[in-house]
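Morning, everyone. I have one structure to walk through today, so let me put it on the screen.

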Amino acid sequence: MTVEFSDKAKEKFDHLLTRYPNKRAALLPVLHLAQAEFGGWVSPEAIKYIAELLDLTELDVHDTMSFYTMYYNQPMGKFVVEVCHTLSCELMGASTVVDHLENKLGIKMGETSDDGLFSLRKGECLGSCGTAPMMRVNFDYYENLNADKLDKIIDLLREKA
Ligand code: FES
């Protein structure tokens with residue numbers, strides 16, 4: 001399958017390049033752009049396309065992508081729920097948060113719901129340790145989590161979908 005940016009995404013891409021000293025330096029924002037443009041994940045074809053655009057190897061793109069948790073190499077749900085399980089969050093009940101979400105969403109950690117709405121992942125410290133336990137849903141943080149709060153958040157996201 002051939003992938004290519006839309007005209008609008010190409011404009012954004014061109015603008016991004018003006019903000020960096022060289023093409024390679026624009027890799028992270030270009031990955032975000034590609035992920036948004038190509039259905040929420042970066043396929044092997046998209047990696048090849050980005051590599052060509054930025055004069056990089058596919059391995060360069062893949063290596064960078066694999067270092068960051070916000071780039072996905074497989075299709076994900078509309079809402080990617082990433083529960084922090086590093087020390088502060090773990091001590092404050094991250095496992096309970098995961099159990100509750102697995103029950104509420106009907107999926108296990110690492111899975112995506114059949115309706116394509118939710119993907120559940122474990123994450124490393126998201127820098128919000130003082131408000132543990134916490135999770136990130138796409139670009140938003142949800143903190144001081146408990147069962148009631150989780151129910152409200154998930155219900156709200158379902159309404160928004
Ligand atoms: S340990 Fe969870 S945000 Fe830092």
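I'll go from the whole chain to the sheet, and then to the helices.

One caution before we start: this is a predicted model.

Overall layout, then. The protein chain has seven helices and four strands. In what order do they come along the sequence? The pattern reads α-α-α-α-β-α-α-β-β-β-α. The C-alpha trace spans about 45 × 30 × 25 Å along its principal axes. There are 161 residues in the chain, and 22% of them count as buried. Now take the contacts between residues at least 6 apart in sequence. Of these, 57% join residues at least 24 apart.

Next, the sheet. Please look at the strands. The sheet is open, and it has four strands. Their order across the sheet is β2-β1-β3-β4. The pairing is mixed. Which strands stand at the edges? Those are β2, residues 118-123, and β4, residues 140-142. Each has a single partner strand, so one side of each is left without a neighbour in the sheet. Neighbouring strands are turned by 25° against each other on average, ignoring direction.

Let me zoom in on one pair. Strand β3 covers residues 135-137, and three bridges join β3 to β4. The two run antiparallel. For a landmark, find Met135. Its bridge partner in β4 is Tyr142.

Now, what lies across this sheet? Helix α6, residues 94-105, lies across β1, β2 and β3. Strand β1 is residues 79-84, and α6 runs at about 155° to β1.

Last stop: a pair of helices. These are α3, residues 44-54, and α4, residues 58-67. Their axes come within 8 Å. At what angle do they cross? Roughly 115°. Angles from 65 to 115 degrees count as roughly perpendicular, which makes α3 roughly perpendicular to α4. The crossing is right-handed.

Which residues make this contact? From α3, we have Ile47, Lys48, Ile50 and Ala51. From α4, we have Glu58, Asp60, Val61 and His62. By type, the contact divides into four nonpolar residues, one polar and three charged.

To recap: an open four-strand sheet, helix α6 lying across β1, β2 and β3, and a right-handed crossing of α3 and α4. And again, the model is predicted. That's my tour.

Methods. Residues numbered from 1 in each chain as written. Predicted model: local features only at pLDDT ≥ 70, side-chain atom pairs only at ≥ 80, totals over all residues. Pairing = 2+ DSSP bridges. Axes fitted to C-alpha atoms, helices over the stretch in contact; angles between N-to-C directions. Contact = placed C-beta atoms within 7 Å. Parallel < 35°, antiparallel > 145°, perpendicular 65-115°, else oblique. Left-handed = near helix turned anticlockwise from the far one by under 90°. Nonpolar A, V, L, I, M, F, W, Y, C, P; charged D, E, K, R; others polar. Buried ≥ 20, exposed ≤ 12 C-beta atoms within 10 Å, placed from the backbone.
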